[in-house]
Amino acid sequence: MFPYLPVGMLLASYYCSKGDSRTLGQPELFGPSVALVNDVADFNCQLLIYPKNATILLELFKEGNRNKLLGFDISNVASFPILIRTFHEGDLECVARALNYSQVEPTVSYTHNLKVIEPVAGAEVIIQSGSDEFFEGTTLELQCTLTAGTHVSYKWLVNGQPFSQSQLHYATNNQLFIYRTTSADSGSYMCVATNHYDTRVFTSNSSEVEITVKDMVSNPDISFKVLKEDSYNYFAVVTCQSTRGTLPITFSLHNRTELAFSMTVNETKATFKVPFVLSTQLGCLRCQANNGNEDAFSQWLPLQVVSVSGPVMMHYDYEIGKNYAVIGQRFYCKATKGSHPRYQWFLNQTLLQGRGSFYYTVNQPPDQSILLLSVGRSSAGTYHCEVSDIFDNTTAISSKKQYIDEKVVNRLPVSVVAVVFGCFTFLVLLVSACCFDGVFRTRKSGENSLVSQEMETFAADEDELEISEYHEDDDVVRSARCDELDWEHCPM
């Protein structure tokens with residue numbers, strides 16, 4: 001009858017009830033700590049100390065809510081069978097009262113915590129941030145809701161794979177956040193809700209929600225080609241092209257403030273056919289692109305077409321190897337005028353296209369075209385270039401012709417030889433002049449040194465002569481004095 005009540009406590013209850021205490025002891029509450037919704041769980045309460053002959057009432061409540069009685073029994077040992085509902089979760093308590101002792105205060109057991117498991121059901125993904133289709137940069141917020149379920153754990157899947165968290169991708173409990181979304185965040189989102197009781201596991205999968213993050217269209221590039229339909233009708237085929245943007249995209253072509261053309265396409269570019277008159281100022285064009293968000297614009301493009309006119313100039317330079325021999329040559333071709341030129345290179349009247357075994361053409365329209373050559377036997381011959389309008393090959397203008405071969409390009413011109421010989425002769429004369437000047441300066445310095453020595457000798461002789469004369473005069477004076485003085489004061 002009391003599966004959670006030990007036999008020893010029942011015996012203690014019997015003997016303690018024989019006491020004559022005028023107070024109630026603290027009741028003890030026993031029962032499961034986890035229960036499943038709709039199961040019947042038994043909670044047992046016993047009171048061991050109470051007055052003799054007292055009628056004991058035991059009641060079961062949730063802590064803090066004495067208005068809702070969950071069970072009662074007139075006995076000092078009671079069992080409360082409860083049909084579990086979600087509201088039973090929380091702290092339960094047993095209250096003991098002595099019905100025929102009004103002066104005895106009721107006592108309350110320690111609380112007993114009950115966790116109620118309700119199997120999950122009805123998982124559904126709700127888009128808290130709004131629409132399921134939006135442009136990049138918007139924050140995506142999803143919530144997983146349930147019709148039933150307690151103590152639930154959540155898992156998010158994107159395109160069938162677990163959701164990867166990062167600084168901008170965050171999931172907590174039943175919510176998912178993606179900040180600064182991009183088109184890479186598009187896909188199917190679903191949540192999986194799970195809880196368990198004992199060994200039983202309950203799962204509820206939501207249906208998939210398709211999220212579409214659209215790329216904003218980028219600023220389009222604008223370019224045009226010239227189309228000649230006949231001798232009198234010319235058209236500019238204008239291309240507006242964006243590098244990115246979710247389709248469809250509406251492209252519009254504006255001539256200053258006027259809308260000239262507009263079309264919606266399922267690709268990132270559109271072309272417009274604009275008629276014009278050759279060699280006239282046609283104004284400026286600009287592309288506009290929109291795919292449902294903000295407008296994107298290209299730069300303004302002047303629409304001007306100038307026919308090719310001469311003369312066509314061709315010049316060249318060399319590439320020198322380690323042994324100072326010419327190993328490569330570059331030809332440059334440029335027309336005086338022309339906005340849309342086509343360049344063609346010829347070797348002995350044979351057209352050179354793209355890349356060959358000894359050559360490579362590099363077109364840099366409209367400025368120039370470059371022909372790169374590897375000097376050797378196969379590259380020998382006569383070269384020239386022709387320039388025509390790319391839309392009209394009947395207007396070709398040819399440059400002057402230039403013959404080259406390995407011996408010619410490695411032969412020094414007469415002018416170069418003359419310059420080198422002249423420089424060498426000048427250096428020889430310059431060195432010779434320096435040598436003669438040095439010899440002359442050395443000899444002159446020697447003569448000057450000899451003269452200086454003779455002059456110094458002559459000066460020394462004169463000094464000795466003067467000193468000698470001075471000493472002779474001094475002897476005469478002293479001799480005169482000796483005649484006047486005593487002989488002892490004179491030198492012997």
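Colleague: Which residues line the largest pocket?
Modeller: This is a predicted model, in which local features need pLDDT of at least 70 and side-chain atom pairs count only at pLDDT 80 or more, while totals for chains, interfaces and linings use all residues. Residues are numbered from 1 along each chain as its sequence is written, and side-chain values use heavy atoms, with hydrogens and water left out. A pocket is an open set of points on a 1 Å grid over the protein atoms alone where a 1.4 Å probe fits, with protein on both sides within 12 Å along at least five of seven lines, and lining residues have an atom within 4 Å of a point. By that criterion the lining consists of Ser223, Phe224, Lys225, Val226, Ser339, His340, Pro341, Pro365, Pro366 and Ile390.

Colleague: Which strand gives the most to the lining of the largest pocket?
Modeller: Helices (H or I, at least four residues) and strands (E, at least two) are DSSP runs, numbered from the N terminus. With four residues in the lining, the leading contributor is strand S20 (residues 221-228).

Colleague: How do the residues of this lining divide into nonpolar, polar and charged?
Modeller: Ala, Val, Leu, Ile, Met, Phe, Trp, Tyr, Cys and Pro count as nonpolar, Asp, Glu, Lys and Arg as charged, and the others, Gly among them, as polar. The division is therefore six nonpolar, three polar and one charged.

Colleague: How much space lies in the largest pocket?
Modeller: Grid points are joined across faces, edges and corners, and the volume is the space filled by probe spheres set on the points. For the largest pocket this comes to about 180 Å³.

Colleague: What is the omega of the cis peptide bond from Pro365 to Pro366?
Modeller: Pro366 is one of the residues lining the largest pocket, and it sits in the loop between strand S32 (359-364) and strand S33 (368-374). The bond that leads into it from Pro365 is cis, with omega near 0°.

Colleague: Where is Pro248 found?
Modeller: The peptide bond from Leu247 to Pro248 is cis, with omega near -5°. Pro248 belongs to the loop between strand S21 (234-241) and strand S22 (249-255).

Colleague: Which strand gives the most to the largest nonpolar core?
Modeller: A nonpolar core is a set of buried Ala, Val, Leu, Ile, Met, Phe, Trp, Tyr and Cys residues joined through side-chain atoms within 4.5 Å; buried means under 20% relative accessible area, exposed over 50%, partly exposed in between (1.4 Å probe, protein chains only). The largest such core has 26 residues, and those with the most contacts inside it are Phe43, Ile56, Leu58, Leu60, Phe80 and Ile84. At least two of its residues come from each of S3 (40-46), S4 (56-62), S6 (77-83), S7 (90-98) and S9 (112-117). Giving four residues, the greatest contributor is S7.

Colleague: How many residues are in the other core, apart from it?
Modeller: This second core includes Val217, Ala236, Leu282 and Leu285. Its total is 24 residues.

Colleague: How far apart in space are Phe61 and Asp91?
Modeller: Phe61 is found in strand S4 and is buried, at 4% relative accessibility. Contact means heavy atoms within 4.5 Å; beyond neighbours within four places in sequence, Phe61 is in contact with Arg66, Lys68, Leu69, Leu70, Asp91, Leu92, Glu93 and Val95. Phe61 and Asp91 are 30 residues apart in sequence, and their C-alpha to C-alpha separation is 8.8 Å.

Colleague: Is Val387 buried or exposed?
Modeller: Val387 lies in strand S34 (residues 381-389). Residues that it touches, not counting those up to four places away in sequence, include Cys333, Pro341, Tyr343 and Ile397. Its relative accessible area is 0%, so Val387 is buried.

Colleague: How far apart in space are Arg330 and Leu372?
Modeller: Arg330 is in strand S29 (residues 326-337) and is partly exposed, at 27% relative accessibility. Leu372 is among its contacts outside the neighbours within four places in sequence. These two residues are 42 apart in sequence, yet C-alpha to C-alpha they are separated by 4.7 Å.

Colleague: What is the phi of His151?
Modeller: His151 occupies the loop between strand S12 (140-145) and strand S13 (153-158). It is partly exposed, with a relative accessible area of 40%. His151 is not a glycine, but its phi is positive, near 50°.
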